[in-house]
Amino acid sequence: QVDVVESGGGAVQAGGSVRLSCATSGFTFSRYAMGWFRQAPGKEREFVASTSASGGVIYYEDSVKGRFTVSRDNGKNTVYLQMNNLKPEDTAVYYCGARRMGASAYDYWGQGTQVTVSS
């Protein structure tokens with residue numbers, strides 16, 4: 001059974017920080033790239049950040065560069081998203097996804113965690 005569980009969301013004021021965690025089980029974590037996505041009310045789900053299976057290749061969506069940091073611990077089967085200097089436009093449900101190396105689509109998704117940034 002595959003489990004992907006996000007945690008760490010909550011309400012924060014603009015300029016604050018939140019650290020999201022995504023704990024996984026049921027698949028070989030070290031063989032999967034991991035991504036963070038978000039979906040704001042009335043909007044499509046959008047890419048936020050990703051890390052390759054080894055953690056050596058990382059991508060960020062332009063609006064979060066310099067503010068968000070994605071990292072992973074292959075020993076704990078967990079990926080993290082450190083979010084600093086949060087803005088109201090970062091308010092969304094944040095989702096974690098797992099993608100097999102070489103695959104084009106994500107195989108597994110979590111249920112999401114809400115992050116609300118107030119001005």
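Here are some questions and answers about the fold of this predicted model.

Q: How many helices and how many strands does the chain have?
A: Let's start with the order of elements. From the N terminus on, the elements run β-β-β-β-β-β-β-β-β-β-β. The count for the chain is therefore of strands as defined by DSSP runs, and it comes to zero helices and eleven strands.

Q: How does the radius of gyration of the chain stand against the globule rule?
A: The C-alpha atoms fill a box of roughly 40 × 25 × 25 Å along the principal axes. For 119 residues the globule rule gives 14 Å, and the chain comes close to that, so it is as compact as a globular protein of that length. The radius of gyration of the chain is 13 Å.

Q: What share of the contacts with a separation of 6 or more comes from residues 24 or more positions apart?
A: One example of residues far apart in sequence is the pair Cys 22 and Cys 96, 74 residues apart and linking distant parts of the chain. Across the chain, for contacts with a separation of 6 or more, residues 24 or more positions apart account for 53%.

Q: Which residues form the disulfide, and what is its handedness?
A: The sulfur atoms of Cys 22 and Cys 96 lie 2.1 Å apart, and a disulfide calls for a pair within 2.5 Å. Cys 22 sits in strand 3 (residues 18–25) and Cys 96 in strand 9 (residues 92–100), and both cysteines are buried. The torsion about the S-S bond is about -80°, so the disulfide of Cys 22 and Cys 96 is left-handed.

Q: Which strands are the edges of the open sheet with the order 1-3-8-7?
A: This sheet of four strands has antiparallel pairing. Strand 1 joins strand 3 through five bridges, strand 3 pairs with strand 8 over six, and six more bridges join strand 8 (residues 78–83) to strand 7. Each edge strand pairs on one side only, and the edges are strand 1 (3–7) and strand 7 (68–73).

Q: Which residue of strand 8 stands opposite Ser 71?
A: Strand 7 and strand 8 run antiparallel. The residue in question in strand 8 also stands opposite Ser 21. Opposite Ser 71 stands Tyr 80.

Q: Which strand supplies the largest share of the largest nonpolar core?
A: This core has 26 residues, and those with the most contacts inside it are Trp 36, Leu 81, Met 83 and Tyr 94. At least two residues each come from several strands, including strand 4 (32–39), strand 5 (46–51) and strand 11 (113–118). The largest share, four residues, comes from strand 9.

Q: Is Val 5 buried, partly exposed or exposed?
A: Val 5 has its place in strand 1. Leaving aside residues up to four places away in sequence, Val 5 touches Ser 21, Cys 22, Ala 23 and Gln 111. Buried would need under 20% relative accessible area and exposed over 50%; with 40%, Val 5 is partly exposed.

Q: How far apart are the C-alpha atoms of Val 5 and Glu 44?
A: Along the chain, these two are 39 residues apart. In space, the separation of their C-alpha atoms is 21 Å.

Terms used
Residues are numbered from 1 along each chain as its sequence is written. This is a predicted model: local features need pLDDT of at least 70, side-chain atom pairs count only at pLDDT 80 or more; totals for chains, interfaces and linings use all residues. Side-chain values use heavy atoms; hydrogens and water are left out. Buried means under 20% relative accessible area, exposed over 50%, partly exposed in between (1.4 Å probe, protein chains only). Two strands pair if DSSP finds at least two bridges between them. A nonpolar core is a set of buried Ala, Val, Leu, Ile, Met, Phe, Trp, Tyr and Cys residues joined through side-chain atoms within 4.5 Å. The radius of gyration is taken over C-alpha atoms; the globule rule is 2.2 Å times the number of residues to the power 0.38. Contact means heavy atoms within 4.5 Å.
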